[in-house]
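User: I'm new to this one and would like a close look at a single part of it. Could you take me through the main nonpolar core and what sits around it?

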Amino acid sequence: GVVVKWIAKGRVGLGWIQPDDGRATLGVHGKNVVDGPLCVGERVCYATSTFQGRRVCVAVAKAPAAAGPRPAAGERSRGTVVKLLPKGDAFIGFIRSDASKSDARHGDVFVHSSNVVGDVAAGDRVEFALVEGVKGPQDLMAVDVA
């Protein structure tokens with residue numbers, strides 16, 4: 001799944017995860033995160049349980065980074081929008097670069113609506129540049145998406 005909202009509350013936090021299967025978002029309490037605080041847009045793995053009649057995430061762990069080379073930051077790439085998740089008046093999503101079609105080790109690239117020129121929808125072919133994300137060179141983000 002993907003973290004779609006995270007509210008830091010002291011050392012713990014509270015958030016919501018959008019499952020990959022498109023079902024309704026699931027709540028997660030920071031005490032159920034096994035490897036540190038989460039960030040919006042971060043991919044995670046988790047188990048589910050029921051709390052007060054609602055399905056929630058437990059044993060949440062950050063998804064391992066994709067192995068293998070990815071296009072270098074600054075390069076223009078082409079790919080397909082594979083998922084868009086609404087976030088208030090904006091959205092976050094993922095683009096599967098053409099390089100990942102021939103090599104499954106390439107990960108999908110994160111995109112925020114503020115980096116999109118015009119309208120896009122899941123399934124659209126796009127061109128984009130890559131920049132280094134907040135976590136360093138292993139965390140690339142798509143910008144100037146058109």
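Analyst: Here is a walk through that core, its surroundings and the salt bridges.

Keep in mind that this is a predicted model. To get your bearings, the protein chain has one helix and ten strands. Following the sequence, you meet them in the order β-β-β-β-β-β-β-α-β-β-β. Out of 146 residues in the protein chain, 38% count as buried.

Now for the core itself. The largest nonpolar core has 13 residues, and the members that touch the most others are Ile 95, Val 126, Phe 128, Ala 142 and Val 145. Four strands each put in at least two residues: β7 (90-97), β8 (109-112), β9 (125-133) and β10 (136-143). The biggest giver is β9, with three residues.

Ile 95 is a good place to zoom in. Setting aside residues up to four places away in sequence, Ile 95 touches Gly 79, Thr 80, Val 81 and Val 82, then Asp 108, Val 109 and Val 111, and also Val 126, Phe 128, Ala 142 and Val 145. There's a second core as well, lying apart from this one: it has ten residues, including Ile 17, Leu 26, Leu 38 and Val 44.

Next, have a look at Asn 115, which you'll find in the loop between β8 and β9. Is Asn 115 buried or exposed? It counts as buried, because its relative accessibility is 18% and the cut-off for buried is under 20%. Leaving out neighbours within four places in sequence, Asn 115 is in contact with Met 141, Ala 142, Val 143, Asp 144 and Val 145. Two names there should ring a bell: Ala 142 and Val 145 are on the list of core members that touch the most others.

Let's move on to the charged pairs. The structure holds four salt bridges. One of them joins Arg 96 to Asp 108, with the closest N and O atoms 2.8 Å apart. This pair links distant parts of the chain, as Arg 96 is in strand β7 while Asp 108 is in the loop between α1 (98-102) and β8, twelve residues apart. Arg 96 is partly exposed, at a relative accessible area of 35%, and Asp 108 is partly exposed too, at 26%. You've already met Asp 108, since it is among the residues that Ile 95 touches.

Another salt bridge brings together the side chains of Asp 98 and Arg 125, at 2.7 Å from N to O. Asp 98 belongs to helix α1 and Arg 125 to strand β9, so this pair ties together parts 27 residues apart in sequence. Asp 98 is partly exposed, with a relative accessible area of 28%, and Arg 125 counts as partly exposed at 39% relative accessibility.

A further bridge is formed by Arg 43 and Asp 20, whose closest N and O atoms are 2.9 Å apart. Here again distant parts of the chain are linked: Arg 43 is in the loop between β3 (26-29) and β4 (44-51), Asp 20 is in the loop between β2 (14-18) and β3, and 23 residues separate the two. Arg 43 counts as partly exposed at 34% relative accessibility, as does Asp 20 at 42%. Through salt bridges that share partners, Asp 20, Arg 43 and Lys 83 join into one network.

Stepping back to the whole chain, contacts between residues at least 6 apart in sequence join residues at least 24 apart in 51% of cases. As for the outside, the accessible surface of the protein chain is about 8100 Å², and 54% of that belongs to carbon and sulfur atoms.

Technical notes. Residues are numbered from 1 along each chain as its sequence is written. This is a predicted model: local features need pLDDT of at least 70, side-chain atom pairs count only at pLDDT 80 or more; totals for chains, interfaces and linings use all residues. Side-chain values use heavy atoms; hydrogens and water are left out. A nonpolar core is a set of buried Ala, Val, Leu, Ile, Met, Phe, Trp, Tyr and Cys residues joined through side-chain atoms within 4.5 Å. Buried means under 20% relative accessible area, exposed over 50%, partly exposed in between (1.4 Å probe, protein chains only). Contact means heavy atoms within 4.5 Å. Accessible areas come from the Shrake-Rupley method with a 1.4 Å probe; for residues, only the protein chains shown count as cover.
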